[in-house]
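Visitor: Could you guide me through this structure, one topic at a time, and explain each term when it comes up?

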Amino acid sequence: MQNFDYYNPTHIVFGQDRLAELDQLIPAQAKVLVLFGGGSVKRFGTLEKVTAALGNREVVEFGGIEPNPQFETLMKAVDVVKTQGIDFLLAVGGGSVMDGTKFVALASKQEADHANILFHGFNPVPATEALPLGCIATLPATGSEMNSFSVVTYNDQKFPLTSPLVFPKFSFLDPDFTFTLPTEQIANGVADAFVHVIEQYLTQPVNAKIQDRFSEGVLQTLIEDGPVTYQSQVKGEQDVEARKNFMWSATSALNGLIGVGVPQDWATHMIGHEMTAMFGIAHGRTLAIILPSLLRERKAQKHDKLVQFAERVWHITDGSDEEKINQAIDKTEAFFNSLDIVTNLSHYDIDEAGIDTLVANMEKMGLTHLSETGDLTLDIVRKILIAAL
């Protein structure tokens, strides 16, 4: 196991009917900016409940944060913070709203060169202060409610950022908020959480037994309760217990715990980000499209962990290592398909010309040596995408 530091200060408030506790977690005199996405939080009464829970505090609203939050939109929120004298940020929504709020928290304390916040990759933003923020998570998927990461779109490119200053002070995880989501968002959330775990787990063995077994538990829970949650959404049913496990799985997939002391990949995410930016395919779906083909291409490099994945997660015990690996990858793709996610690029009207453009764009962005070993070059990316057609 590799050396590591682990720090996570976020207070999680998990469960149903706990929003009244919001009043205890924000300073009484704070002026709060509530940030959200489309109109769904208004239509379904979530925003009204949040505002009521904030009591007598002065509240300002900022809506319209897009999926894949845009830099220009977030800078409008920064202007509101500065002109209105905001003390505290409260994100109400899914990963994009939470990610966008983290950027606003940093940018609001910076006078100029706000775009520069986006250009540090996975190195911490060199900032010394940020506005405090909290989250009301409505879509389990990204884990942004319990980590220090964000992804923001700038000039049609997606840029990751991180800073310990933007860990949420608290996050509310209430499965009841998921009942109003479109079915497609549930499916995308399950896929996103699943691949988050895979990127930290399916790499190289380093004898990190706790991290491996936590990862395997999260994967198995997503396999069990992800489709149940999705099908209950399709049927208009309210399977709260499955949603609770799905919600906590999505948070646990990227709160840092399973990734400490182990190599991490993130090639699927880097390719997926470019696919979303270029073709507008939802993030979770891009991951489900790419991952099976990537694993088939990288069987030799990931051999030992793929066998472990087959045996421990999919319970495949018969056959040779090669047969176990192939079955595990096939079962993974079938799992995505069970969520009605089509895992072929051609379904999304992407052909070889589109692949060439995507690969060229990755080269422009410097994404030329991916994976936990840095040897996944763009010629291999192209092979993976061709195989996904």
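Guide: UniProt positions are given in the numbering used here, feature names are shortened, and annotations may be inferred rather than shown by experiment. This is a predicted model, in which local features need pLDDT of at least 70 and side-chain atom pairs count only at pLDDT 80 or more, while totals for chains, interfaces and linings use all residues. Residues are numbered from 1 along each chain as its sequence is written, and side-chain values use heavy atoms, with hydrogens and water left out.

Visitor: Which residues does the UniProt domain annotation cover?

Guide: The annotation comes from an unreviewed UniProt entry and reads "domain: Alcohol dehydrogenase iron-type/glycerol dehydrogenase GldA". Helices (H or I, at least four residues) and strands (E, at least two) are DSSP runs numbered from the N terminus, and the annotated stretch is 23% helix and 24% strand. The record places this domain at residues 9-175.

Visitor: How are helices H5 and H6 oriented to each other, roughly parallel or roughly antiparallel?

Guide: Axes are lines fitted to C-alpha atoms, for helices over the stretch in contact, and angles run from 0 to 180 degrees between N-to-C directions. The axes of H5 (residues 183-201) and H6 (residues 209-235) come within 9 Å and cross at roughly 170°. Angles under 35 degrees count as roughly parallel, over 145 as roughly antiparallel, 65 to 115 as roughly perpendicular and the rest as oblique. H5 and H6 are therefore roughly antiparallel.

Visitor: Is Arg 285 buried or exposed?

Guide: Arg 285 lies in helix H9, which spans residues 283-297. Buried means under 20% relative accessible area, exposed over 50%, and partly exposed in between (1.4 Å probe, protein chains only). Because its relative accessible area is 11%, Arg 285 is buried.

Visitor: Which side chain makes a polar contact with the side chain of Arg 285?

Guide: A contact means heavy atoms within 4.5 Å, and, leaving aside neighbours within four places in sequence, Arg 285 is in contact with residues including Glu 184, Asp 340 and Tyr 348. A polar contact is a pair of N or O atoms within 3.5 Å; within protein, one must be able to donate a hydrogen and the other to accept it, and residues adjacent in sequence count only if both atoms are side-chain atoms. At 2.3 Å, the partner is the side chain of Asn 188.

Visitor: What is the relative accessible area of Ser 371?

Guide: Ser 371 is found in the loop between helix H12 (352-364) and helix H13 (378-387). Its side chain is joined by polar contacts to those of Arg 298, at 3.4 Å, and Thr 373, at 3.1 Å. Ser 371 is buried, with a relative accessible area of 12%.
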